Amino acid sequence: MHEGTFCGRTRREFLWQAGAGFAGIGLVDALSRDGAFGSDPAAASGGPMAPKPPHFAARAKAVIFLFMYGGPSQVDTFDFKPRLYELDGKTIDIDTKGRGGSKRQGRVVGPKWAFRQYGQCGKHVSDLFPHLARCVDDLAFVHSMYAESPLHGSAMLMMNSGRILSGAPCLGSWVTYGLGTENQNLPGFCVMLDPTGGPISGAKNWSSGYMPAVYQGTVLRAVGEPILDLALPAGMTRAEQRRLLDTLREQDTAHLAARPGDSDLAARIASYELAFRMQSHAPEAIELDREPAHVRRLYGLDDARTADFGRKCLLARRLVERGVRCIQIYSGGSHNDHNWDAHGDLVFNHTTHAGATDRPIAGLLLDLKQRGLLESTLVVWGGEFGRQPTAEYAEGTGRDHDSAGFTMWLAGGGIRGGITVGATDELGNRAVEKPFHVKHLHATILTQLGLDPNRLAYLHAGLDQKLVGVERVEPIRELIA
Amino acid sequence: MPRLLPCLVPFAFAATPSAQDDWWAYRPLQRPAVPAVADAAWPQNPIDHFVRHGLERRGLTPAPAADRHTLLRRVTYDLTGLPPTPAEIDAFVADASPDAYERVVDRLLASPQHGVKWAQHWLDVVRYAETDGYERDRKKPFVWRYRDWVVDACNQDLPYGRFLRAQLAGDELPGATVADLVATGYYRLGIWDDEPTDREQHRYDDLDGIADTTARSMLAISIGCARCHDHKKDPLPQRDYYAFLACFENIAPYDLEARVVPIDGARERFEQATATYAAERARLLARLREVAAAATLAPAPRGDFGLVAHYGGEGGSAARIVDDVGGHHGRGEGQLVVVPGRRGQALRADGDDAFLVPRLVQDSFSVTFWVRADRGGHGPTGGTQWHQGLGLVDGEVPGVARDWGITWFADGRVLAGVGDPDTSIVSPPGYDDGEWHHVAFTRDRDSGRLALHLDGVLVGEATGNRELLDAPASLAVARLSTGGRHFRGDLDEISFFDRALSPAEVCCLGQDLPQGLAAAPALAAAPELAALQRLQPPTLATVEVLAVRENGPLPPPSFVRQRGNVHTPGAAVEPGVPGLLGAIRLPAATPTTNSSGRRSALAAWITDHGNPLTWRVIVNRLWQHHFGRGLVRSSNDFGRLGDLPTHPELLDWLACELIARGESLKSMHRLLVTSATYRMACSSDAGGLAADPLGDSLWRFERRRLTGEEVRDSMLMVTGELQTGLGGPSVFPPMPAQVLATSSRPDEAWGEATAAEAARRSLYIHVKRSLPEPLLAAFDRADTDTSCPVRFATVQPTQALTLLNGEFAHRMATRFAVRLAAEARDLRSQLTRGLELVTQRPARAADVERLLALATDLRRDHGRDEATALQRCCLVLLNGNEFLYLD
């Protein structure tokens with residue numbers, strides 16, 4: 001194998017030097033970019049989260065992924081299937097695969113909400129989303145998504161890391177690995193969870209896998225202490241801590257003086273100053289009281305049902321303004337009806353979760369648009385899969401999982417608004433027209449952020465690993481404006 | 001029974017190995033000559049000749065030797081993961097003898113803490129975790145025994161080849177011990193999706209994890225990438241991957257079930273004791289038979305001894321099971337058939353047959369019957385709840401209810417008990433021997449006493465509720481009352497009595513004594529009955545282990561899987577090893593009763609002294625963990641995607657030396673850390689830095705940050721709280737609520753620990769895939785889903801937050817302050833002592849003054865009392881670079 005040389009050194013030598021202790025890291029891609037480190041030594045020494053140039057001009061600077069954990073039903077939300085109303089209650093031949101295994105027959109559950117047309121594009125949206133429906137001209141729907149697993153455990157990993165096997169870095173890790181982050185005082189990849197708990201597999205959903213932990217998601221809370229161990233311990237004042245840190249810095253500086261040139265020791269001294277700044281920046285970011293009343297209302301902070309998710313959406317906007325690269329907000333947590341996993345009572349479940357998120361999401365889109373931020377902020381909505389058009393049990397409206405066809409939508413960040421791509425069959429069961437795998441969605445997100453999904457690679461276990469896998473993957477071109 | 005073939009096809013060699021690849025790592029191992037050096041006074045051992053020779057060629061000078069404090073701190077951390085104690089420092093500094101350092105090294109290598117430190121290095125490489133990952137992220141049962149086995153192997157200096165053979169094929173070793181079985185837990189460490197979308201594909205994902213981990217950890221070959229296509233850089237065709245995978249393909253899929261195995265030597269002791277027991281039992285029974293035969297007939301106490309129903313198998317049909325006493329005929333389900341029985345005819349249930357009878361008893365009662373089966377029943381290993389078995393005679397009602405039942409368990413155990421509260425009696429195992437056995441379950445309502453007898457002898461008793469057991473509407477025979485869980489076997493003489501039979505009466509029935517129940521009063525008076533009841537059957541001492549298991553001696557054929565898809569088999573392959581190492585062949589596999597022998601063959605091949613990789617790989621790992629990085633930096637990949645060795649001759653010399661030293665890793669540790677190369681200072685010499693900034697020439701010692709485990713353990717050490725005990729189930733130190741909230745079941749996500757458990761070494765913290773311990777995670781703990789050869793050493797502000805604001809760090813600072821206050825009188829001496837405990841060197845005046853100034857300011861400007869000011873100073877000490885970095 002022939003390795004290219006960098007300033008007269010082999011790529012690997014260069015890495016050991018530039019990586020400052022990042023043993024084993026394969027910044028294959030970063031180094032193959034024109035001038036990545038060569039013309040900007042600061043990027044090499046600025047640490048792994050220093051901003052890095054994209055592969056090509058980025059349409060989006062940040063991504064907000066609204067994760068509807070549990071799997072929202074496509075036919076009750078955005079994928080209008082009039083035929084299903086007629087078939088309500090009838091048992092038909094239909095191939096499905098979900099939690100309950102593979103079935104050849106099922107009792108149709110007609111959509112439980114009426115659909116109306118909205119916007120210039122005339123998109124059909126169900127009555128679950130009266131607020132969001134007014135934003136359809138900014139949204140691009142993909143009705144033909146499919147995933148490899150109809151089971152939460154592996155499907156969550158697939159939507160977040162591109163693989164059904166645990167151990168790979170998540171989308172946000174790839175993004176911060178590829179682009180760094182613009183605000184070193186805040187984490188580059190933030191995750192906000194539901195008050196009922198995390199999604200199943202917990203931290204695996206924002207893990208950096210085989211990449212260094214700097215690229216893992218940081219759990220951010222919209223109330224109280226935003227980041228673990230960010231708040232001063234009880235009984236300590238900020239002035240006191242400053243005094244403490246001054247002593248620490250003096251002590252470590254004296255230690256460093258006897259060990260000149262050790263960049264790790266120097267970086268660690270600097271990390272305390274960074275931590276000190278984070279202690280003021282992160283709480284400032286979550287000070288939503290500073291937002292005017294009309295903005296707070298826009299996000300639904302005035303209503304107990306929507307206040308929690310609204311706070312997170314508003315916080316997401318503030319994080320985008322502050323240069324955070326990737327934000328993921330979970331709608332739903334824990335198990336059963338605490339999330340969109342409507343196995344029992346579909347109406348109760350989806351009314352609850354749509355009710356908690358409709359106004360906040362619409363508020364987020366409007367607010368981003370009014371501020372001119374939507375152009376550079378990619379918003380993604382969806383779950384790990386959808387739900388079947390038929391009932392799971394002999395009685396009731398509950399639907400089992402459906403990974404063969406489901407809906408996601410994207411907005412902003414160079415996405416064409418008011419369009420719909422792909423289609424499921426007449427019953428909304430399987431993607432039949434232009435089916436798109438989860439990796440196509442990931443490729444689209446990376447592309448909008450200026451990263452070539454087929455170039456963004458990380459050497460691990462003898463392979464140039466990629467979020468989208470080893471084979472070439474195209475983004476969903478139809479979505480791109 | 002496993003099918004045994006008289007003659008098995010000999011294990012095939014790697015199919016037409018490609019010409020041996022001419023790459024440094026695949027060349028045969030040859031002991032290089034130790035080079036001469038100009039400065040003959042410098043080397044302490046041959047390692048130094050290789051290093052110095054290289055330096056001389058490049059015109060570089062080695063860094064001076066580290067001072068004693070630095071050296072002691074370095075070697076103590078490297079060998080035990082802990083700092084030296086003040087007494088150890090004083091002793092070493094004061095010891096002027098020429099071998100003072102060597103004796104320190106011997107002491108450290110003999111310390112049990114050595115195993116705690118070095119086990120973690122191996123656990124990183126084999127992706128050790130204690131849960132499966134995915135939705136339920138279930139605990140792997142008894143997986144911690146594998147961790148303890150690795151600790152023991154390090155401490156006992158198990159020869160390296162033996163260390164690998166035990167993990168790869170401990171179960172196939174002749175005279176395999178429990179430890180050998182535990183070692184094969186190696187195969188059960190990976191991620192496991194218990195509800196995969198494609199079960200067969202997932203099984204191969206698991207096998208891939210095993211093959212990839214084995215190749216990377218033991219051979220430093222990245223074989224995993226040949227799963228879907230030929231390796232891009234190394235001559236590893238896809239075919240080689242599947243040949244290698246075939247060595248593992250017969251492994252039974254992970255089923256979460258631990259195996260119960262006899263402890264070492266127990267089997268022999270058990271067999272002796274069993275012979276003694278059987279002889280004594282036979283003698284007593286013979287005597288009782290004489291007593292019964294000679295007894296004067298006693299009248300039945302009431303009616304027919306309280307017998308209310310009797311199902312003997314005679315006179316009915318599959319639909320109607322006749323009660324020839326009370327006429328409470330049973331309603332048959334399925335096809336119970338009649339076979340020759342213990343007496344007359346018996347009823348045979350085939351796994352979906354049963355019959356139902358009314359609730360014949362509910363107050364005091366006895367149920368007796370004969371049972372014969374050649375296979376065990378249902379229920380978890382070690383299960384103790386009667387309603388988890390297959391129903392024999394059962395009245396179970398779901399939930400908390402006043403019900404009861406007698407069931408058939410795994411391992412041929414009989415369980416009997418009552419509900420509300422759940423009370424069970426468990427018989428010994430082994431009644432699934434195809435012979436008739438008599439079961440009697442008695443219940444006395446007044447006392448709540450329950451007793452289970454087998455073959456007329458009490459095997460266990462318990463006290464249950466004293467209520468009317470009227471929950472079941474009817475009783476089921478040969479299945480659980482709630483449905484399903486059918487018994488498969490024969491039943492005879494099923495009898496219901498409306499009183500608790502006495503032990504003598506049960507003995508009459510269970511031993512079929514002459515004159516039946518009428519002989520009971522005579523029997524009750526015989527001392528032999530009491531002796532029989534006292535006679536305890538020997539128990540086989542067992543232990544539960546998580547171990548590998550194969551699907552018998554005959555593996556299925558193996559195929560290349562096109563593009564890695566298990567559903568598209570291609571050409572057939574025979575088990576083999578990568579052809580790039582063509583020089584040595586895989587030996588033939590000898591099947592055992594339960595397994596193919598393929599793993600033993602592979603283990604023999606891997607640990608062959610002619611294997612060019614195995615020995616290079618492990619000495620490189622030892623080097624890596626003593627010197628901060630390997631002679632080959634990519635310690636999991638010696639192929640073309642990996643790094644070249646900086647000192648190839650030294651690497652080969654060390655590998656040969658390991659073999660020559662009987663594969664003793666401790667001996668190699670000693671060699672490495674007593675070299676002059678190891679004893680150099682972390683110099684900042686400008687000339688050296690300019691010539692070799694990366695230190696590849698080994699002109700100086702490289703500074704390193706403590707690992708997360710070392711950070712945490714050291715904090716516990718300076719507070720004086722560290723618990724250094726070894727082994728056992730993992731512990732659950734307090735987890736911040738914010739971290740628990742990230743779990744999908746925050747209330748059930750983590751366990752609890754006593755203060756002593758929480759102060760155990762970090763190796764013993766439960767490793768949960770979906771919930772990493774936050775301090776260890778912040779300090780770059782290995783990701784446990786794939787083999788981790790080299791941990792990252794990142795510097796991040798979140799680490800600063802963890803140590804500055806975290807609950808654990810603050811608690812440690814507080815306790816550290818308490819310790820200092822107790823051990824030294826005034827603030828100055830407290831701070832001096834604190835500095836010494838944290839840095840393991842004499843405190844410098846300037847450092848003490850700096851902290852004193854802080855304490856003074858905190859008291860004057862921030863209104864802190866003395867204790868708080870000291871606590872803050874301790875926090876500064878625990879955050880210092882000198883505490884976290886090792887010179």
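1. Is A:Met278 buried or exposed? A residue counts as buried once 20 or more other C-beta atoms lie within 10 Å of its own. A:Met278 has 23 C-beta neighbours inside 10 Å, so it counts as buried. You can find A:Met278 in helix α8 of chain A. Leaving aside residues up to four places away in sequence, A:Met278 touches A:Asn185, A:Leu186 and A:Leu230, and also B:Pro797 from the other chain. Try tracing the chain here: A:Met278 and A:Pro187 are 91 residues apart along the sequence, yet 8.9 Å separates their C-alpha atoms.

2. A word on confidence before going on. This is a predicted model. For chain A the mean pLDDT is 89, and 90% of the residues reach 70 or more. Residues 1–45 of chain A are another matter, since pLDDT stays under 50 there. For that stretch the model has 61 contacts beyond four places in sequence, and I would ask you to read them with the pLDDT beside you.

3. Next, look at where the two chains meet. Chain A puts 71 residues into the contact and chain B puts in 81. On the chain A side, the elements giving two or more residues are the helices α1 (11–18), α5 (152–161), α7 (238–257) and α8 (263–285). Among these, α7(A) provides the largest share, with 11 residues. Sorted by class, the chain A side has 35 nonpolar, 24 polar and 12 charged residues. Please keep the confidence point in mind for α1, as residues 1–45 of chain A have pLDDT under 50.

4. Now for the inside. The largest nonpolar core has 181 residues, and the members that touch the most others are A:Val63, A:Leu66, A:Val380, B:Cys873 and B:Leu878. Take B:Cys873 as an example: with residues up to four places away not counted, its contacts are B:Leu831, B:Gly834, B:Leu851, B:Leu854 and B:Ala855. Another core lies apart from this one and has 121 residues, including B:Val116, B:Leu123, B:Leu189 and B:Leu763.

5. Chain B is assigned four parts that are worth colouring separately. Domain 1 covers 1–29 + 159–262 + 541–608, domain 2 covers 31–111 + 613–702, domain 3 covers 362–500 and domain 4 covers 807–886. The centres of domain 1 and domain 2 of chain B, taken over C-alpha atoms, are 34 Å apart. Where these two meet, 17 residues of domain 1 are in contact with 22 residues of domain 2. On the domain 1 side, α7 and α9 of chain B are the elements giving two or more residues, and α9(B) gives the largest share, 3 residues. That side is made up of 11 nonpolar, 3 polar and 3 charged residues.

6. One helix of chain B is a good place to practise thinking about burial. Why is α15 (residues 598–606) of chain B described as largely enclosed by the rest of the structure? Because 8 of its 9 residues are buried. The buried residues include B:Arg598 and B:Arg599 as well as B:Leu602, B:Trp605 and B:Ile606. Their packing partners are α7 (160–169), α9 (199–219) and α16 (614–627) of chain B.

7. Chain B also has an open sheet of 8 strands, with antiparallel pairing and the order β3-β4-β7-β16-β9-β10-β11-β12. At its edges are β3 (320–321) and β12 of chain B, each pairing on one side only. Inside the order, β10 (residues 404–408) and β11(B) are joined over 5 bridges in the antiparallel sense. If you want a pair to look for, B:Gly405 stands opposite B:Gly417 in β11(B).

8. Last come some backbone details in the loops of chain B. The peptide bond from B:Asp420 to B:Pro421 is cis, with omega near -5°, and B:Pro421 belongs to the loop between β11 (414–418) and β12 (423–426). Two residues other than glycine have a positive phi: B:Asp512, near 55°, and B:Asp780, near 65°. B:Asp512 sits in the loop between α12 (503–510) and α13 (520–525), while B:Asp780 is in the loop between α23 (774–778) and α24 (797–805). With 17 other C-beta atoms within 10 Å, B:Asp512 is partly exposed, whereas B:Asp780 has 23 and is buried.

Conventions: Residues are numbered from 1 along each chain as its sequence is written. Chains are lettered from A and ligands numbered from 1 in the order in which they are written. This is a predicted model: local features need pLDDT of at least 70, side-chain atom pairs count only at pLDDT 80 or more; totals for chains, interfaces and linings use all residues. A nonpolar core is a set of buried Ala, Val, Leu, Ile, Met, Phe, Trp, Tyr and Cys residues joined through C-beta atoms within 7 Å. A residue is buried if 20 or more other C-beta atoms lie within 10 Å of its own, exposed if 12 or fewer, and partly exposed in between; C-beta atoms are placed from the backbone. Two residues are in contact if their C-beta atoms, placed from the backbone, lie within 7 Å. Helices (H or I, at least four residues) and strands (E, at least two) are DSSP runs, numbered from the N terminus. Ala, Val, Leu, Ile, Met, Phe, Trp, Tyr, Cys and Pro count as nonpolar, Asp, Glu, Lys and Arg as charged, and the others, Gly among them, as polar. Domain bounds come from an automatic or database domain assignment. pLDDT is the predictor's confidence in each residue, from 0 to 100. Two strands pair if DSSP finds at least two bridges between them.
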